[in-house]
Amino acid sequence: MLEIKNLHAKIAEDGTEIIRGLDLTVKAGEVAAIMGPNGSGKSTLSYILAGRDDYEITEGDILYDGKSILGMDPAERAAAGLFLAFQYPVEIPGVATLEFLKTALNAQRRARGQDELKIPEILRRVKEAASSLEMDMAMLKRPLNVGFSGGEKKRAEILQMKLLEPKMCVLDETDSGLDIDALKVVSEGVNALRSPDRAFLVITHYQRLLEHIVPDSVHVLYRGRVIKTGGKELALHLEEHGYADVIDEAA
Amino acid sequence: MTQHTKPPQTPAEEALVRSYGDVVGRLHGTPEITRNRDDAIEMIKASGLPTRRNEYWHYTDLRTRLRSFAGVAARPDRNVAVEAVNPREKLVDATRLPMFNGHYFTDLADNLPVGLDVQAFSDNADGGCDVSAWVPDLKNEDFIGTLNAAFFRDGLKIRLEENAVLERPVRITNMMVGETPAFSAVRHLVSIGKCAKATFIQRNAAPLQSANQTNAVTRLDIGEGAEVLWFVVHEGGKDAVDLSQIRVSLATDAKLTLYIMNAGGKLVRQEVIVDVAGEGADFQLRGVNLLAGDSHTDITMVVDHRVPDTTSTQIIRNVVLDRAQGVFQGQIRVYREAQKTDAKMACNTLLLSDEGGFSAKPELEIFADDVQCGHGATVTEIDSGYLFYLMSRGIPELEARGLLVKAFVAEIIEELDDDAFVEALENKLDNWFAENG
């Protein structure tokens with residue numbers, strides 16, 4: 001479903017190279033975890049996948065369903081089924097959450113040639129998704145993410161993912177800022193979406209999240225490259241021993 | 001002392017004096033009112049239109065900006081007035097007090113609710129209605145007041161009884177009708193009794209393409225403990241000129257929330273002069289400037305905090321497109337006696353064009369030592385982080401930009417806890433973006 005080939009990318013503004021020859025393949029139905037020390041390029045990778053223009057691709061390609069997405073803007077990628085759950089969802093004052101959900105949902109449907117949904121149907125879907133994530137509907141009357149706690153923001157990201165039903169979900173440190181109960185609710189939300197035709201790329205620092213969202217593969221990212229790939233036991237090994245021996249082994 | 005040679009009269013100045021000569025015999029009023037009119041026009045003749053050398057008009061040089069002066073509008077036939085229903089007229093359901101070309105049509109007004117009394121100057125021109133009793137200080141700064149003193153044709157004296165609470169808003173409109181662009185001046189005197197509560201909407205309406213020129217001076221006295229929500233909406237045509245003023249006085253514990261929405265016109269200046277004269281009084285100003293084309297729009301405000309324990313907050317949000325220019329001059333004066341004053345002012349501009357501009361001039365003059373006063377002005381572009389977030393959810397770039405621009409001003413509209421007003425103002429935003437975005 002997702003194929004990253006020898007990707008090199010730098011920060012457009014100052015030319016700093018962050019991604020240096022990254023290769024990664026995620027198949028339909030797979031949950032792939034990406035782990036790695038601070039500064040290894042994990043968040044950058046998530047932004048590049050979503051199409052943020054702060055980064056410049058200098059080499060390599062990203063194929064989604066066999067086609068390169070490098071020429072697509074973030075909205076086109078989203079309409080094609082790519083979703084990024086942000087590590088730090090932005091607060092946008094003045095944009096009502098429900099209005100935003102309606103606009104996003106219908107923009108994607110339009111782009112795919114589907115009929116737009118009417119407000120009652122959207123409300124029904126939002127209510128259903130919110131209740132499964134134990135979210136209060138009153139929260140959704142507020143401006144987008146404004147005044148939401150860290151945990152509420154993460155829930156709101158998963159709520160959007162449920163509503164938009166993407167095929168390729170990228171979760172950037174969804175566990176950061178969550179307490180144990182919230183982590184459980186959010187993980188259950190993600191697990192409920194697991195299906196043979198949907199793939200996940202879960203970026204995290206900690207094994208903790210992977211106890212709830214059990215990955216099929218674990219990839220260690222270091223200095224902009226995947227230096228080791230393994231099964232879920234690799235995450236346990238990292239939790240116990242840290243990154244040092246994996247890094248030494250690769251060097 | 002330096003002697004300045006008087007510059008030659010501009011075509012607009014000549015036309016203004018000529019218009020006055022044409023119409024003075026037909027303007028209502030007692031001999032005293034007529035004398036005031038003559039004094040005002042003499043003042044204008046002597047000083048000319050205010051220029052940038054006049055501090056108060058520094059950013060809106062009227063001498064260069066006001067290119068022409070239209071003839072004074074005639075009272076339209078009743079049937080013309082009845083038919084002149086502007087589709088943009090309706091804001092919310094309200095008690096309508098309609099004026100056409102600056103003339104009040106008593107028989108076209110809605111029935112008045114209990115507690116509200118309205119008299120038209122034109123029906124009591126022999127002095128029975130003292131809407132004219134107040135004469136502005138004739139000085140070059142107060143060009144808008146002086147222009148009004150010379151030309152005002154009609155106006156309303158509105159009184160709300162003590163303790164009266166009006167369910168429906170009161171809408172005062174001045175609609176310009178007719179083929180030729182024309183000028184009209186109106187003047188209102190509004191007094192709100194103790195502990196009364198009401199909402200007013202004041203707007204000029206005209207066909208979109210017209211080049212009408214309008215002037216309204218409103219004096220609003222708010223009694224003890226009374227609460228007023230007052231809207232001023234300018235939606236003039238592409239070449240329209242509006243020079244207006246609202247002068248407010250707030251008694252003890254009185255509260256005014258003034259919303260100004262500018263979304264049209266070629267040259268617009270709205271002056272807001274507020275005397276926070278009673279302890280515990282609160283003044284809130286919210287301004288939305290939607291600026292496009294070659295327009296020039298100015299909100300100039302002076303707030304005097306005269307007594308202890310008063311509050312005021314001003315928030316102005318501007319969206320600037322094309323070659324539009326905007327101005328906000330905000331002056332807060334805190335008198336020596338006015339301890340514990342809490343006054344805040346913010347002016348935020350979203351600049352969406354390299355050729356547009358906005359000038360913000362905040363001024364604080366504080367003579368008391370125990371006060372909290374602050375001001376801030378920002379000019380920003382669309383936040384790239386916001387834009388990326390919206391687009392990452394599948395919202396195409398143009399639509400996402402539209403949402404963010406709307407959000408920038410919607411934030412202060414949503415403060416209103418009246419759903420009907422929020423919806424009506426947001427519709428206006430949508431219309432404006434549809435026409436200009």
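**Cavities, a sheet and two domains**

In this predicted model, the residues around the second largest cavity split into 3 nonpolar, 7 polar and 1 charged. That cavity has a volume of about 70 Å³. Its lining is made up of B:Q202, B:R203, B:N204, B:A216, B:T218, B:V232, B:V233, B:H234, B:S244, B:Q245 and B:Q270. Four strands of chain B, namely β7, β8 (213-222), β9 (227-234) and β10, each put at least two residues into this lining.

Stepping back, a search of the whole structure turns up 12 cavities of 30 Å³ or more. Rolling a probe the size of a water molecule over the atoms is what shows where empty space is left. The largest of the cavities comes out at about 110 Å³. A set of 16 residues lines this largest cavity, and the ones nearest its centre are B:N204, B:T214, B:G236, B:A240 and B:D242. Two elements of chain B, β7 (197-205) and β10 (241-250), give two or more residues to that lining. Sorted by character, the lining of the largest cavity holds 6 nonpolar, 8 polar and 2 charged residues. One residue, B:N204, turns up in both places: it is among those nearest the centre of the largest cavity, and it also lines the second largest. Strands β7 and β10 of chain B likewise appear in both accounts, as contributors to the largest cavity and to the second largest.

Over in chain A, the thing to look for is an open sheet of 6 strands. Read across, its order is β6-β9-β10-β3-β11-β12, and the pairing is mixed. At the edges sit β6 (82-85) and β12 (225-230) of chain A, each of which pairs on one side only. Neighbouring strands of the sheet are turned against each other by 20 degrees on average, with direction ignored. Within the sheet, β3 (residues 31-35) and β10 (residues 199-203) of chain A run parallel and are joined by 4 bridges. For a spot to find by eye, A:V31 stands opposite A:F200 in β10(A).

Back in chain B, the chain is divided into domain 1 (11-278) and domain 2 (384-437). The C-alpha centres of these two domains of chain B lie 31 Å apart. Where the two meet, 14 residues from domain 1 of chain B and 12 residues from domain 2 of chain B take part in the contact.

Note on methods: Residues are numbered from 1 along each chain as its sequence is written. Chains are lettered from A and ligands numbered from 1 in the order in which they are written. This is a predicted model: local features need pLDDT of at least 70, side-chain atom pairs count only at pLDDT 80 or more; totals for chains, interfaces and linings use all residues. Side-chain values use heavy atoms; hydrogens and water are left out. On a 1 Å grid over the protein atoms alone, a cavity is a set of points where a 1.4 Å probe fits but cannot get out, and a pocket is an open set with protein on both sides within 12 Å along at least five of seven lines; lining residues have an atom within 4 Å of a point. Grid points are joined across faces, edges and corners, and a volume is the space filled by probe spheres set on the points. Ala, Val, Leu, Ile, Met, Phe, Trp, Tyr, Cys and Pro count as nonpolar, Asp, Glu, Lys and Arg as charged, and the others, Gly among them, as polar. Two strands pair if DSSP finds at least two bridges between them. Axes are lines fitted to C-alpha atoms, for helices over the stretch in contact, and angles run from 0 to 180 degrees between N-to-C directions. Domain bounds come from an automatic or database domain assignment. Contact means heavy atoms within 4.5 Å.
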